[in-house]
Amino acid sequence: MNASQAVGHAHAVLLVEDNPDTRDALQALLTAHGYRVVCAIDGAEALTLARRDPRPCIIVLDLMMPRVDGYEFRRAQFADPAIRDIPVVAASGIHDLARRARELGVTHYLQKPLDMDELFSMIERQCACRSRP
């Protein structure tokens, strides 16, 4: 049992990933660990889903996607007071991810292939921070 199950709260994760195999695998792993997962195939869909209740505790965001990529998503997220404070974990295979994450105002990032233990830890910390009064 993880911390979210122990306190009766399922962490809500918005997973934004255009690769269906990666998206399905991550969704299955996160769900198996007790997270409530909502998936988006690109930034446009993610913006719609982020604005719905219940709002996600955290967004796991691929940066390189067709239509609306992670960069455009972040610009729109910052412009919207309803979702601007939702923490984001950038997840990408690009070689200069640390620099790009800083440019996007993302403090948490993971290089693909993802270290799932590190991702679980980030989700737990971010959701705990957001639930404090």
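What share of the 133 residues of the chain counts as buried? In this predicted model, the answer is 49%. The views below start with the whole chain and then move in on single strands, a helix and two residues.

**Figure 1. The whole chain, from one terminus to the other.** Six helices and five strands make up the secondary structure of the chain. Read from the N terminus, the elements follow the order α-β-α-β-α-β-α-β-α-β-α. Among the contacts in the chain with a separation of 6 or more, 63% are between residues 24 or more positions apart. The chain exposes about 6800 Å², and 55% of this area is supplied by carbon and sulfur atoms.

**Figure 2. Where the predictor is confident, and where to take care.** The mean pLDDT of the chain is 88, and 88% of the residues reach at least 70. Of the elements, helix α3 (residues 43-50) has the highest mean pLDDT, 97, while helix α1 (residues 3-6) has the lowest, 40. Residues 1-8 have a pLDDT below 50, and this stretch has 12 contacts in the model beyond near neighbours in sequence. If you plan to use these coordinates, that is a good pair of values to keep in view.

**Figure 3. Strand β4, covered on both faces.** Strand β4 spans residues 88-92, and five of its five residues are buried, so the rest of the structure largely encloses it. Side chains in a regular strand alternate between the two faces of the sheet. In β4, one side carries Val88, Ala90 and Ser92 and the other carries Val89 and Ala91, all of them buried. β4 has a parallel partner in strand β3 (residues 58-62), joined by four bridges. It also pairs with strand β5 (residues 108-111), again in the parallel sense and over four bridges. Val89 can serve as your landmark here: Val60 stands opposite it, and so does His108 in β5.

**Figure 4. Two crossovers that share β4.** Start at β3, follow helix α4 (residues 70-79), and arrive at β4: together they make a right-handed β-α-β unit. From β4 the chain goes on through helix α5 (residues 97-103) to β5, and this β-α-β crossover is right-handed too.

**Figure 5. Strand β3, with partners in β1 and β4.** Which residues cover the two faces of β3? Ile58, Val60 and Asp62 lie on one side and Ile59 and Leu61 on the other, and all are buried. With five of its five residues buried, β3 is largely enclosed by the rest of the structure. Strand β1 (residues 12-16) pairs with β3 in the parallel sense over four bridges, with Leu14 standing opposite Ile59. Towards β4, Leu61 stands opposite Ala90.

**Figure 6. Helix α3, its buried residues and its cap.** An α-helix has 3.6 residues a turn, so residues three or four places apart point the same way. The buried residues of α3 are Gly43, Ala46, Leu47, Leu49 and Ala50. They pack against β1, β2 (36-40) and α4. At the N-terminal end of α3, Asp42 acts as a cap, with a side-chain oxygen 3.1 Å from the backbone nitrogen of Ala44.

**Figure 7. Glu17, an acidic residue in a loop.** Is Glu17 buried or exposed? Its relative accessibility is 3%, below the 20% cut-off, so Glu17 counts as buried. Glu17 sits in the loop between β1 and α2 (20-32). A polar atom of its side chain lies 3.0 Å from the backbone nitrogen of Asn19. Leaving aside neighbours within four places in sequence, Glu17 is in contact with Thr22, Arg23, Ala40, Ile41, Asp62, Met65 and Lys112. One of these, Asp62, belongs to the buried residues of β3 described above.

**Figure 8. Arg100 on helix α5.** Arg100 has its place in helix α5. With a relative accessibility of 22%, Arg100 counts as partly exposed, because that class begins at 20%. Beyond its neighbours within four places in sequence, Arg100 is in contact with Met64, Tyr71 and Ile94. Leu63 is 37 residues away from Arg100 along the chain, and their C-alpha atoms are separated by 9.3 Å.

Technical notes. Residues are numbered from 1 along each chain as its sequence is written. This is a predicted model: local features need pLDDT of at least 70, side-chain atom pairs count only at pLDDT 80 or more; totals for chains, interfaces and linings use all residues. Side-chain values use heavy atoms; hydrogens and water are left out. Buried means under 20% relative accessible area, exposed over 50%, partly exposed in between (1.4 Å probe, protein chains only). Contact means heavy atoms within 4.5 Å. Accessible areas come from the Shrake-Rupley method with a 1.4 Å probe; for residues, only the protein chains shown count as cover. pLDDT is the predictor's confidence in each residue, from 0 to 100. Two strands pair if DSSP finds at least two bridges between them. A crossover is right-handed if, with the strands pointing away from the viewer, the path from the first strand over the helix to the second runs clockwise. A polar contact is a pair of N or O atoms within 3.5 Å; within protein, one must be able to donate a hydrogen and the other to accept it, and residues adjacent in sequence count only if both atoms are side-chain atoms.
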